[in-house]
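Please open the structure in your viewer and keep the sequence beside it. The tour goes from one selection to the next, with a short account of what is there at each stop.

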Amino acid sequence: INNRNRKMKKISILIPATDEEETLGEGRRDVNSEIKNLPEFLWEVIVIADHCIDSTTTIAEKNGAKVITNNRPAGKGNALISGFEIANGDIIIMMDADYSHIAEDIKKFIPNFINKNVGLVIGSRCLGGSGEYTAIRSLGNVIFTTCINILFNLKLTDGLNGFKAFKKEIVKNHKYSCK
């Protein structure tokens, strides 16, 4: 492990979940498989149970995740805030529990933090495909992403994607609100 890897040795994966018993187990198994292939990092996988009434929590625990409960009002934003508060990783990756993100892509985020001075990496359904990327979502995403690119002089392809990775400082030093 080189010196840069030693500085960023722990990675947290946050998975907000509301009644995802149908998909969470398979998704967690894929995540577990991927992180075993990256032993140079310490990993924590945190599932944030967002007012679940099914067996999401049990499935997450059986698959080795730390499970916390979102005690704020229901919603992905509030669930993520709960996760950001307890995540210990130098890199924090957020991904959906509905199996819409490919666990194999986790390894694509990491080199950006180690080899470049990057604070945020956003996955792209436009570049890698997604079953959830319908025509109406595509149109809305194109409009939103174009506006963000113009406003902030960026080159995003999928500004609405929920598969993101951050340096810890980005999420830890920010005050969030969700309404």
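What follows is a walk through a predicted model, beginning with a strand and its partners.

Select strand β6, which covers residues 164-167, and look at where its side chains go. Lys 164 and Phe 166 point one way from the strand, while Ala 165 and Lys 167 point the other way, and all of these residues are buried.

Keep β6 on screen and add strand β4, residues 91-94, which runs antiparallel to β6 and is joined to it by 4 bridges. To find a place where the two strands meet, pick Ile 93, which stands opposite Ala 165 of β6.

Now add strand β5, residues 120-122, which also pairs with β6 in the antiparallel sense, here over 3 bridges. If you pick Leu 120, you will find that its bridge partner in β6 is Phe 166.

Next, move to the loop between β4 and α5 (106-115), where Ser 100 is found. Is Ser 100 buried or exposed? Ser 100 counts as buried because its relative accessibility is 18%, and the cut-off for buried is under 20%. Show the side chain of Asp 98 as well, since the side chain of Ser 100 makes a polar contact with it at 2.6 Å.

For the last stop, select Cys 52 and then Cys 147. Cys 52 is partly exposed, with a relative accessible area of 22%, and Cys 147 is also partly exposed, with a relative accessible area of 41%. When disulfides are counted in the model, the number comes to 0.

Technical notes
Residues are numbered from 1 along each chain as its sequence is written. This is a predicted model: local features need pLDDT of at least 70, side-chain atom pairs count only at pLDDT 80 or more; totals for chains, interfaces and linings use all residues. Side-chain values use heavy atoms; hydrogens and water are left out. Buried means under 20% relative accessible area, exposed over 50%, partly exposed in between (1.4 Å probe, protein chains only). Two strands pair if DSSP finds at least two bridges between them. A disulfide is a pair of cysteine sulfur atoms within 2.5 Å. A polar contact is a pair of N or O atoms within 3.5 Å; within protein, one must be able to donate a hydrogen and the other to accept it, and residues adjacent in sequence count only if both atoms are side-chain atoms.
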